[in-house]
Amino acid sequence: MLDGCLIEAIDLSAMEGPSFKPRCLTWQGHEFLDAVRDKDIWTKTLDVAKQGGTNSLSALFDIAAA
């Protein structure tokens with residue numbers, strides 16, 4: 001989610017190895033959640049993504065928005 005720019009997070013890697021503490025949703029994160037909030041849309045999004053062989057957040061957002 002951090003790599004997909006859906007959240008802002010604090011990097012705690014120096015203390016505990018690779019880890020992050022989520023701080024807040026970004027505008028894109030809110031838009032993504034709004035797009036997939038409906039269970040039917042989320043199910044259809046996953047079905048299309050599986051058929052297309054993709055699992056990136058940007059692709060999921062594009063599919064859900066369509």
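Here are some questions and answers about cysteines, salt bridges and exposure in this predicted model.

Q: Why is C5 not called part of a disulfide with C24?
A: A disulfide needs two cysteine sulfur atoms within 2.5 Å. The closest cysteine sulfur to that of C5 belongs to C24 and lies 12 Å away, so the two are too far apart for a bond. Searching the whole structure turns up zero disulfides.

Q: What makes C5 and C24 buried, partly exposed or exposed?
A: The partly exposed class runs between 20% and 50% relative accessible area. C5 has 41%, so C5 is partly exposed. C24 has 32%, and therefore C24 is partly exposed too.

Q: How do you know that E8 and R23 form a salt bridge?
A: Happily, the distance settles this one: the closest N and O atoms of E8 and R23 are 2.4 Å apart, and the cut-off is 4 Å. The pair joins distant parts of the chain, with E8 in strand β1 (residues 7–11) and R23 in strand β2 (residues 20–25), 15 residues apart.

Q: Why do E8 and R23 fall into their exposure classes?
A: Exposed means over 50%. R23, at 55% relative accessibility, therefore counts as exposed. E8 has 33%, so E8 counts as partly exposed.

Q: What makes the contact of R37 and D34 a salt bridge?
A: Their side chains meet at 3.9 Å, N to O, and the rule asks for within 4 Å. Both R37 and D34 are exposed. By this rule, the count of salt bridges is two.

Definitions and conventions:
Residues numbered from 1 in each chain as written. Predicted model: local features only at pLDDT ≥ 70, side-chain atom pairs only at ≥ 80, totals over all residues. Heavy atoms only, no water. Buried < 20%, exposed > 50% of the residue type's maximum accessible area, 1.4 Å probe, protein only. Helix = DSSP H or I, 4+ residues; strand = E, 2+ residues; numbered from the N terminus.
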